[in-house]
Structure formats: C-alpha cells, structure tokens
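Colleague: Could you take me through the strands and sheets here? I'd like to go slowly.

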Amino acid sequence: MKLAAFIRRWFPLSRSRERGRGEGRAPDEATQPPTSPRSPKTKSRHRLQRYALIACCLLTLATALRLWPHQTLRQQIASSTAVFDADGRLLRLTLAGDQQYRLWTPLQDVAPIFTQALLLHEDRHFRWHPGVNPPALLRAVVETYSGGARQGASTITMQLARLLYGLNTRTPTGKLRQIADALWLELRYSKHDILEAEINLLPYGQNIQGVGAASLVYFGKTPDHLSLPEALSLVLIPQSPAARSPDGEEPAGLRAARLRLFDSWAQQHPQAHAVAELMPPPLHFRGLDQLPFAAPHLSNALLAQPGHGEVIRTTLDSGLQRLLEERVRSYVRRQSRIGIVNATAMLVDARDLSVKALVGSADFFNGDIGGQVNGAFAKRSPGSALKPFLYALAMDQGLIHPQSVLKDAPAAFGPFSPENFDGSFVGPITAHDALIRSRNIPAVTLASRLSQPDLYDFLKLAGVSRMASREHYGLALTLGGGEVTMEEMARLYTMLANRGVLHELRYRQEDPQDTGMRLLSEESSFMVRDILKDNPRPDEVMAQGAARLPVAWKTGTSWGFRDAWSAGLFGPYVLVVWVGNFDGSSNPAFVGVQAAAPLFFEIVDGVQAQQPGLKEPAWRIPSNLVRVEVCTASGDLPNAECPQKSSTWFIPGKSPIRLSTVHRRVLVNLRTGRQACPGDPPEQLHGEVYEFWPSDLQRLFAQAGMPRRRPPPAGECAGAIGAAGAPPAITSPMTGATYTLRAARLGRESVPLSANADADVRSMYWFVGDSFVAATGPGATLQWTPPGGGSYQLRVVDDHGRADTRELRVALTQ
C-alpha cells in the first residue's frame, strides 16, 4: 500500500485515466465538475517526473545487468606472466595465450600520472559520459563529412569496444556497432573496470599490448614506477603504434608529441614546471630482444604450477643468481678436460628458508648435457652427504659424543661388508674425525646400533620422497644407497642451522614461513655443525692468509662415481653443489672432495666478496650442553693413568660416559717377566702402564707400522694381579643371525667363530655347550662344523677366565 501511494504521489496518471477510474465510483464522486486546465508549472513538474522515471528504470536495468552473472573484463583478456626477483627485478615475461606480451595490471598498480595523462589526452569527460560523447560525435561527423579535417570522437569506452571485440570502425556500420558496444559496456561494467581493461589493451607496436608489458619491455620497470616523461610517452604511442613504436632512441615525432602533451599537462598541474627541464632530452627505449631470461630453471618450475597468476614474486636475489650461474659455467668450462660438463647449485637463506639462487644445469641452452632439465629436482644418490644426520641421531640416542672412540676395522653386518673409500682401516678413531674423514665402517656400525628413529625413519619424517622399503636399503642407506633431490638435501642442511627444526623451502615471497618440525635436538645439531666447521678446505694451504668465514661442510660420492656432492653452511646461507651427468653415466673424476668441493668453495668465496659485511651468525650454545674432560685415547673419563686429556661437548644424562680402561698400571715380576702374583716379594715387583686395545685393533696398529707394546702374560698363579680387564667379544657369529646349511653337505660346511680379546690375552678357548672345541689366539677364526640343525650355545673364555657367550641358530635346507 505504501508503494502504491508513493507512485500515485510522484507519478500521477493522466486525467483521462483518472476519469476512467471514476466510472466505478459513487455517483456524487463521478459527477463532480472537471478541474481547471493544468498550469505550465504543473506540466513541467510532470515532465521531470517522467524523465526521472525513465532514468530510474535505466539505472535499475544497469544495476541488474551488472549484478547478473557474467564474465569480468579481466576474464576476457589473456595475460602474460611476469616473474620477478625479491627486489622487483624482472626475471621472465611470458607470452599470453594469443602470443601477445600483455601483462594484466590492476589500475591501482599503475602510476596515477599515467591514467591522468591518458584521460587528459584521450577522454576528459570519461567519468561523466554514458560511453559516448554526443557533442564530440556530432562535431566529428560534421567535420568529416563536410570536407574538413578528419576528427576522432572515440571515448575510452569506445576504444575499449574496438580493441576488445576487434571492430573495424572505419565504416559507418562499424562505428555504429562501436557506439552500441560502448553503451553496452557502460551498462554492464563500472568506469573503474572499463579504464582498467583499456590500459591493458593499449597497442604499443609489434606484439606488445597494455601499459604493464610496455613499461617492462621499454623501460625495464613496473608501471607504478614510471616517471612523468615515460608515462606521457606511453600515453602517446597507442595513437600510432606503427609510427611511434620505439627501438632505442625516441623517435622525433614521439618526442614532439610528448612535449606538446606536457604543455597541456602543465596547464592543469602547475607544479609540473619544476620538472620541465627533464622533458626535452630524448628517452631511451629498450627492445624485445633485451627482455631478461634469468633463472630459467626456477622460472619454469614456478610457471608450471597451476594458479600462479599474472605475477610471480620469487625470493631470488638476482646478484647471487648471476654469481652462481657464472661460477658454475666457469668451473665446468675449466674442468671439461676431465669430463666434468654439468653441475647444479642451490643457495638458501637459512633465516627465512628463502631460496636465493638456483642453477639447474651448467647451460640451459646446451642440449648435449640436457641443459633444460632441472637438476635441482632430480633424484640422485647422496653418497656420504647424509652422514652428519646419522651422527646427530646417534648423539640424540646417547650412543656417542664428539670424542667417543669408534672402531674403523674390518666388519661384517650379515651379508653386508662395507669398506672405506680408500680401502684401508685406521683403527680407533673419534666420532669427530670419523665424520670429517667420512669413514664408512664407523658410520655403518652406528647405523646398526640406532633404535627409533633410525636413518630410514628420519629421512621419511624429513619428507624425502619416493623412498623404497626399509629392507630394500638396509644399512647401505648410510652410504648413499637411497636417493634425494638437491632441494631435499638443502632442507636437511638448513636443519643444522635452525637448531634441529626442519622447515619448508620458500620460492615465492607469499610462501608462508612455517613453524617447522623438530627432528634433531638443539644439542646434536649444534655438535654436528661444530664438527663440520673443523673440516679443512681442499685449498686450505693456499687460503691460510685470507680472512674467510667458517664453513661447516661435507662431501658425498655415490657408488660407481656417478654423483659428487658438497653441502654446508656459511654465514646465514646453506649451499648445495652437485657435479655429474643427468644420464647417470659415471666418471672417476666425480669424487665429492675433488669435483664438487672446489666449486662449492668458489661460490662461498664469491658470495663473501659480493657481500663484504657477511658475518658468522652468533650461534647460541644450548643450555643443556656442557664441556667435559675425557681421555684422548678412549673418549671416556680419564683414569689416573691417562697420559693425555682433551675436552668435548657432552649432553648430561644422555651422552655415554664411563671411566677409561685403555691405560692400566700392571705390576710386573722382574724375575719372571710376567704379571705379579699374590705373595711375590715386593722387591721383585715393578709397576708399568700399558695400553689395553682389543685384538683386532692391535692388528691394525701393527699393519700400520705402529705396534702397541703388549702387556706381559699373566702370572702362573690363580688370581694374578692385574687379571681384571675387558672380557672377550664374539664377532662371529652375529647376534640373532641364523646360518643356513645344505643338508646334503652336512658335516662338510662350517660356521666361522671369532672374537676380539683384551691386550693381555694370549689364548682363547671355545666351547659349544659344555664341550670344548678348540683353542685359538685372539682374533683368529675357528671353523666349526655343526652336527645338525638347531640352536647351540657358544662360549669363549680367555686365559684370564673372562668370557662371552652367544646363541647360534643353524637351519638346514635341501
């Protein structure tokens, strides 16, 4: 009812209609005398009301058209993609789907001086007309068809209609279609959207369209950084793209038009006179051939991701990217004589996990080496490059501390008998030195002692992809039996810089910094990093006088010399380098320390030269980490006889600790030359300190030309003084192993029995159950022939009465 009253109040019907309505009314109402004629004022008011009604209807129609679901102008215009570095420098500009360089740029991302100059020059009444400018159209028709100079009357909206729908507006029919389309665009879209679409379709010659692409191509900058002369020139070029399309020096006609437009600009912007002296000099324009094609591997990877949008803002540092590319290219060129033709490298800022540089191959355009393959994402064998994480796990599980003494001696782990890279064994070695020198036997021994998580679990938790089953790798995973990508390797090493917390790498500025996942303790990551900092550079002698940053680094060489790695930390960065062939072919030159490490340190030195203020981060010592004094020879707490002591990091309540037993004082009977017995005359006794090493290490010392002085034999008495010591340790058969023998060969196949013994042992006695089998020397192997299948209890006793036992299971097969 209120709506009907409103319509009758402001939009009354004609008198004839009202009289018609009176026919159905009461007689006294219907027979009233007619009213007097309407006054001119009343007629004018009714006319305005009708116009208002028409305008209201048109506004309602326009609103309905805009609200009705339809494609936005942005959706109708194909766009290029621009890839930028962290500082906004262009790395790549792709072609749009229609093979045009056209980068969709929102209106708010364009310098206001450009849009203001465009409206000043093209359409001063754009904000007010409905898509066409009738006075301008009338004036253009009169001038054109009366023989005068041809004039244009196209508005911004009409120009957009021509560009958007590909209209031929040189004919009357085409012009009428342009007008109709302009009116239609105004009904469906806002002024903001129309102007935004127009600046993205402006033609700039060749296959360049839109101010976004033109600004990048011609001036190497985004349109929000245009200067006034540059903005004016980009307003004028679309008027005659073929004639005004610049290439190098600004054409004279374009320069003259730019100066005239500046005069018009200055009339509306008096403050522009302050920059008038900047207008006369000709501008310099770049060409399409100068568009950058930088960081191609990473750009391709990001462009291949769906939904990347028109602009990709990476975390790359262009200076560091060029540095890595130049160092890789130069190194490969110099080393091509030994068959090194390809390499990859990645540099990550460990503070925010941003990738600062990525080189996917030595030469993107070299098809002979598969240059367009992105080696940073390819699976390769890491060799020994994963050993730091094995040692960290062992520290977290209380197996070692940095000065724990490990055994580098021949060992078998079931069917797996690892060897060191150099084929030799060094005997006792600290965990610190074993990691730096990349000794395989100590690493595999530690891997066999890990509980949960072991190295396999750790890599799975760290997100290493496409891993096979645990049984597929076995203990060989420690020595590079699996495969990782350079990206995965870099993530692992950033964990050492971030106190044991694993984070995702960031390639784009909008990628969030995750909270991460702790896989190592703060203490173990600190200790491993501290060890790796002691790893000497391959050019250490030549670099002694140079002021260099500490580098915590490790190398890796895959089986068969297919992959050479070097990875580490310096300053705030993590750097990973790989040398090899993408086809997996081998080369004896692919040794980590010889092939990858030199390139690694060339890049490290280059980064330090490029960033002279680069400093070592202030590493905070974990609160639960202390330094303790240990006996250097054993890595245990020094006893009274330990001649040399050193200090090491130690996790209270976790790191292994016991009193050292390597150095022991022995009372020797000077008359017999044997260890003293109770009751020997004191004047015949003499105390001496001996080193008590297991028999296998004694042999290694002897083979290395450094035999250790053995303690004298035990005295010929019960309870000889000095009889206390380490018991034997059975090394074969292995714990929990089942030996399978052929039933047809029963009695002819044997099982090897061996054990290590303390330094003062001369003889060892083997028993199966209660039956004596044989006597051997320490470390000697005894071949025992089982009488049948089943379980047997083995026992070995040394000549001091100390013993070790082990269960042996024998299975028979046909």
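Colleague: Which residue in β27 is the bridge partner of Trp766?

Modeller: The bridge partner of Trp766 in β27 is Val796. Please keep in mind that this is a predicted model, in which local features need pLDDT of at least 70, side-chain atom pairs count only at pLDDT 80 or more, and totals for chains, interfaces and linings use all residues. Residues are numbered from 1 along each chain as its sequence is written, and side-chain values use heavy atoms, with hydrogens and water left out.

Colleague: How many bridges join β24 and β27, and in what sense do they pair?

Modeller: Strand β24, residues 764–768, pairs with strand β27, residues 790–798, over 5 bridges in the antiparallel sense. Strands here are DSSP runs of E with at least two residues, numbered from the N terminus, and two of them pair if DSSP finds at least two bridges between them.

Colleague: What is the strand order in the sheet of 5 strands?

Modeller: That open sheet runs β22-β28-β27-β24-β25, with mixed pairing. Its edge strands, β22 (738–742) and β25 (771–776), each pair on one side only.

Colleague: Switching topic, what about the sheet of 3 strands, and why do β21 and β26 each have one side without a neighbour?

Modeller: The open sheet has the order β21-β23-β26, and its pairing is antiparallel. Both β21 (729–732) and β26 (782–784) stand at the edges with a single partner strand, so one side of each is left without a neighbour in the sheet.

Colleague: And where does Ala729 find its bridge partner?

Modeller: Ala729 has Asn756 in β23 as its bridge partner; β21 and β23 (residues 751–756) run antiparallel and are joined by 3 bridges.

How values were computed: Helices (H or I, at least four residues) and strands (E, at least two) are DSSP runs, numbered from the N terminus.
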